Amino acid sequence: MESQLNLFYGLSFLIVALAFAFAVYLYLWVKKQKTVNGKIQEVSQLIKEGANTFMRREYIVLAKFAAVAAVVILILLPSPIWQGSPVDNISMALAYIAGTVLSAVAGKIGILVATLSNARTAEAAQKGIKPAFLIGFRGGAVMGLLVVGFSLLGVAAVLLATGDSSILLGFSFGASSLALFAKAGGGIFTKTADVSADLTGKVELGIPEDDPRNPAVIADNVGDNVGDVAGMGADLFDSNVAAMASALVIAQSLSGTGFSNVSMVFCYAILGLFASIIGIATARVGKKGPTSALNSSTYVTTAVFLVLTALSNLVFEGFSWRIWGAAAVGLLVGVIIGITTDYFTDDSKSPVKKVAKASGSGPAFTVLSGISYGFISALPAMVGIAISALVAYKLCEPMGDGYAIFGISMAAVGMLSIVGMIISNDAYGPIVDNARGLAEMGGLGEETIRTADELDSAGNTVKAVTKGFSISAAGLTVISLLGAFMSEANDALVAAGKAVISGFDIMNPTVFFGILIGASIPAVFSAMLILGVDKNAQRMVAEIHRQFSEIAGLREGKVKPEYDKCIDIATSGAIHELIPAGLMTIVATLIVGFIGGPSAIGGFLLGNIVSGLLIALFMSNAGGLWDNCKKYIEAGAEGGKNSKAHKAAVIGDTVGDPFKDTAGPSINTQITVVSLVASLTSSLFVWFSIFH
């Protein structure tokens, strides 16, 4: 069985090399596409410089945080260095650093390719949907391949080097902590600019969305990249690593067939990446448009993964069909959740049209109806997560102690198996969004802008599906991380000669204390991020007003605005606001653990998971619905642009922007971070509860 595991280590590195080679090919293909419009090249360069400036300043701040965290891990984890083995502490600290570095590198390369693709997509839109779609999608696919490749490479390398799956929790925490701050910081940046540009441009001045006279328009395009490319890439890198780490921790703890279980985790991750390569290679636009093309590629990837994993079960000894069933259920539920998310956010479906109609009565009705559909939309995903967890649990429970939780962890691995395709779809969104703006600023004509709008609308829908998918996957992942926490805590309790934890009784006041505190954290976290957008956007709106009142000729388009001032406001505000919200969640976890011990932390994680998933799904879907409602009206429905319904829809979109792109998708990273913090510090909580 050990030889089988070594085979999968080798296959991991081989498939990662294939994915990287394909990513390089796609990058070179995108780079080869022509861009000749001087105005578009100039604006694209401004976007690239702004994104790089923000990323550089953000990574400096995050490097300082990572350095402090690495020192703390070196001293205290997995156990105080003066009590345990210094080698374990050094390995954990190095794994943590590796997780942060690989996540940062993937985000940085994603920004490079996205800013390379946007101008080329804009100019290709002059020739039609098909060539423009291919450039936008292949640019996003580079990010998808790199994120999954780096995550599989990191997990395989850490486990091969240490042989200890608990060290993977340090690697996963590195990825999660960077993702938490990158998603929060990028989300605050992008929505500061987006809200400010929409309110001053569309509502106050009545000028188009990407009018170059608006000083916030470049910052808005920069934000699409730092929030939706680097931020979401880090988020899904974190989810994929966390799913594999929790599955491997549980797999190694199972008796008898540990090697086969570990091999199975790697096998499914390898085949998921290979299936994504096939799905990316076959993506093309047909008669049904870009949304159908993106969805079809996802279905192809899903089918290929299911077939290949079924074949692997026939070939390799020790692979269980029950565990395959758990992974298959997780993946299929993920696809179904994507379909239901599409229903609530696609502008061709009933909810968006109903909110657009309500907008004719004013912004209050836009907000009320959007909030209502947002809450309703959370139900199918929550039910889907519950069903997949329950089915996976029941499927694997007869296999013996620990296999039920392992089944849930494999459902998460299954759901995230096609994450390469999911990230490709997601990164496509900001690329075509930028392309739409560049087409307008470059004066490419109404027909080209309409083509870019069709690509952008598909991007908005798919981004909403991606967020729903990633949030749902995080739900399954953190359930399995709860199992990993119990495993780690019980190891510490056994070493201390204490009774192990068999579950968390909600009638136990210590557990209930943890539940109440944990349930409140996502709400406070969301509030801190949205307040960050609010304060920052107010500063940017004031700057836009200043420029229009003080710069002679700006309103008439005779002179350029001072774009750099708005970029600097968004950057400074995002950097200032990103650390407090993230630290609050980590500190709250530690306080609850030291006050109530492992039982309180179990309750804390339960409350955090349920509350976090509900709020995240609601915010993500409501925001996507409002965004596409605005675009639906701009396409001519309910009176079209500058109508009463349009102005109300813009207000709805400005409420939804921080919902869907700042707070909502950051919550799933938050629940992953606190789960990993709990697992990493479980021995400290046990030790503290014994001696106090």
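On the surface of this structure, which is a predicted model, the residues V71, L74, I75, I81, W82, I90, L94, I97, V101 and V105 form a nonpolar patch whose accessible area together is about 850 Å². Beyond this patch, the briefing covers the packing of helix α9 with helix α11 and a salt bridge between K560 and E42.

**Nonpolar surface patch**

- Two or more residues of the nonpolar patch are given by each of the elements α2 (38-76) and α3 (86-124).
- The largest share, five residues, comes from α3, while L74, one of the patch residues, has its place in helix α2.

**Packing of α9 and α11**

- Helix α9 (residues 321-345) packs with helix α11 (residues 363-396) at an angle of about 175 degrees, and their axes lie 9 Å apart.
- Because angles over 145 degrees count as roughly antiparallel, α9 and α11 are therefore described as roughly antiparallel to each other.
- On the side of α9 the contact is made by R322, I323, G325, A326, V329, G330, V333, I337, T340 and F344, and on the side of α11 by Y373, I376, S377, P380, A381, G384, I385, S388, V391, A392, L395 and C396.
- By residue class, the contact of α9 with α11 divides into 15 nonpolar residues, six polar residues and one charged residue.

**Salt bridges**

- The count of salt bridges in the model comes to 24.
- K560 forms a salt bridge with E42, in which the closest N and O atoms are 2.3 Å apart.
- This pair links distant parts of the chain, since K560 lies in the loop between α15 (509-550) and α16 (563-634) and E42 lies in helix α2, with 518 residues separating the two.

Methods: Residues are numbered from 1 along each chain as its sequence is written. This is a predicted model: local features need pLDDT of at least 70, side-chain atom pairs count only at pLDDT 80 or more; totals for chains, interfaces and linings use all residues. Side-chain values use heavy atoms; hydrogens and water are left out. Axes are lines fitted to C-alpha atoms, for helices over the stretch in contact, and angles run from 0 to 180 degrees between N-to-C directions. Helices (H or I, at least four residues) and strands (E, at least two) are DSSP runs, numbered from the N terminus. Angles under 35 degrees count as roughly parallel, over 145 as roughly antiparallel, 65 to 115 as roughly perpendicular and the rest as oblique. Contact means heavy atoms within 4.5 Å. Ala, Val, Leu, Ile, Met, Phe, Trp, Tyr, Cys and Pro count as nonpolar, Asp, Glu, Lys and Arg as charged, and the others, Gly among them, as polar. Patches are made of residues with over 30% relative accessible area and no salt bridge: like charges are joined within 9 Å, nonpolar side chains (Val, Leu, Ile, Met, Phe, Trp, Tyr) within 5 Å. Accessible areas come from the Shrake-Rupley method with a 1.4 Å probe; for residues, only the protein chains shown count as cover. A salt bridge is a side-chain nitrogen of Lys or Arg within 4 Å of a carboxyl oxygen of Asp or Glu.
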